[in-house]
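Okay, everyone, thanks for coming. I've got one structure to walk you through today, so let's put it on the screen.

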Amino acid sequence: MKRIVTAIVHNRSGVLNRVTGLLAKRQFNIESISVGRTETEGVSKMTFVVDVEDERKLEQLTKQLNKQVDVLKVSDISEKAIVARELAMVKVISNPQIRSEIQSIIEPFRATVIDVSRESMTIQVTGNSDKVDALIDLLRPYGIKELARTGLTAFTRGHQKQVAEIKSYSLLK
């Protein structure tokens, strides 16, 4: 089962390596990871999408992360009301004749063109993973030269009830 786990950590050299090393040693597959500074100086937030077999493995994961010296707080936010986004940049083969066609495809996704050359254009899209996947699928027939995705970044919404249904977060098909 896919789980979204966040870890608040000290922003120090080697923390990311120690955390991902711990997960690898315990044979957890990290499908996506994003890390960045928070509103607090010297503190970063890691967001992992991990595949765990069962609740027992999930508990083991959170306990092992909490044992790390630089880890301040670990949360499984999979079943909570969350705000989750991903960023993708897609370089598509294009020429002047098909640029307007590509533009009309990306418009409903609120994606933007961030670079254009004679033989390609680069598109930026943000949103949930399903939206990003859908746009990539529509652009694939034009020829994707390059693709980069940030992975999921998420946090819980304000004081709201727990959601009943867990959404599936796919990174690549």
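Before anything else, a quick word on burial: with a 1.4 Å probe and protein chains only, a residue is buried under 20% relative accessible area, exposed over 50%, and partly exposed in between. By that yardstick, 38% of the 173 residues of the protein count as buried.

Now the small print. What you see is a predicted model, where local features need pLDDT of at least 70 and side-chain atom pairs count only at pLDDT 80 or more, while totals for chains, interfaces and linings use all residues. Numbering starts from 1 along each chain as its sequence is written, and side-chain values use heavy atoms, with hydrogens and water left out.

Right, the overall layout. The C-alpha trace spans about 55 × 40 × 30 Å along its principal axes. There are 4 helices and 9 strands, and by those I mean DSSP runs numbered from the N terminus, H or I with at least four residues for helices, E with at least two for strands. Reading from the N terminus, the order goes β-α-β-β-α-β-β-α-β-β-α-β-β.

What does the record say? UniProt, in an unreviewed entry, puts "domain: ACT" at residues 4-79. Its positions are in the numbering used here, feature names are shortened, and annotations may be inferred rather than shown by experiment. In the model, that span is 32% helix and 41% strand, and its end C-alpha atoms sit 9 Å apart.

On to pockets, which I suspect is what you came for. Rolling a probe the size of a water molecule over the atoms shows where empty space is left. Here, a pocket is an open set of points, on a 1 Å grid over the protein atoms alone, where a 1.4 Å probe fits and there is protein on both sides within 12 Å along at least five of seven lines; lining residues have an atom within 4 Å of a point. Grid points are joined across faces, edges and corners, and the volume is the space filled by probe spheres set on the points.

I'll take the second largest pocket, at about 300 Å³. It has 14 lining residues, and the closest to its centre are Thr6, Ile8, Lys45, Lys73 and Ser75. Which strands supply at least two residues each of that lining? Those are β1 (2-10), β3 (43-51), β4 (71-76) and β9 (153-156). The largest share comes from β4, with 3 residues. Chemically, the lining divides into 5 nonpolar, 5 polar and 4 charged. For the bookkeeping, Ala, Val, Leu, Ile, Met, Phe, Trp, Tyr, Cys and Pro are nonpolar, Asp, Glu, Lys and Arg are charged, and the others, Gly among them, are polar.

While we're on β9, Thr153 belongs to that strand. Thr153 counts as partly exposed because its relative accessibility is 41%.

Next, backbone oddities. Most residues other than glycine have a negative phi. Gln27 has a positive one, near 65°, and it lies in the loop between α1 (15-25) and β2 (29-37). Gln27 comes out at 73% relative accessibility, so it counts as exposed. Then there's Arg110, with a positive phi of about 55°, in the loop between α3 (99-106) and β6 (112-116). Arg110 is exposed too, at 75%.

Last stop, a side-chain contact. Lys57 lies over the face of Phe28, 5.9 Å from the ring centre; the criterion is NZ of Lys or CZ of Arg within 6 Å of the centre and within 35 degrees of the ring normal.

And around the start of α2 (55-67), Asp54 is in the loop between β3 and that helix. Asp54 is partly exposed at 30%, and its C-alpha is 9.8 Å from that of Lys2, 52 residues away in sequence. Arg56 is in α2 itself, and at 56% relative accessible area Arg56 is exposed.

That's my lot, so over to you.
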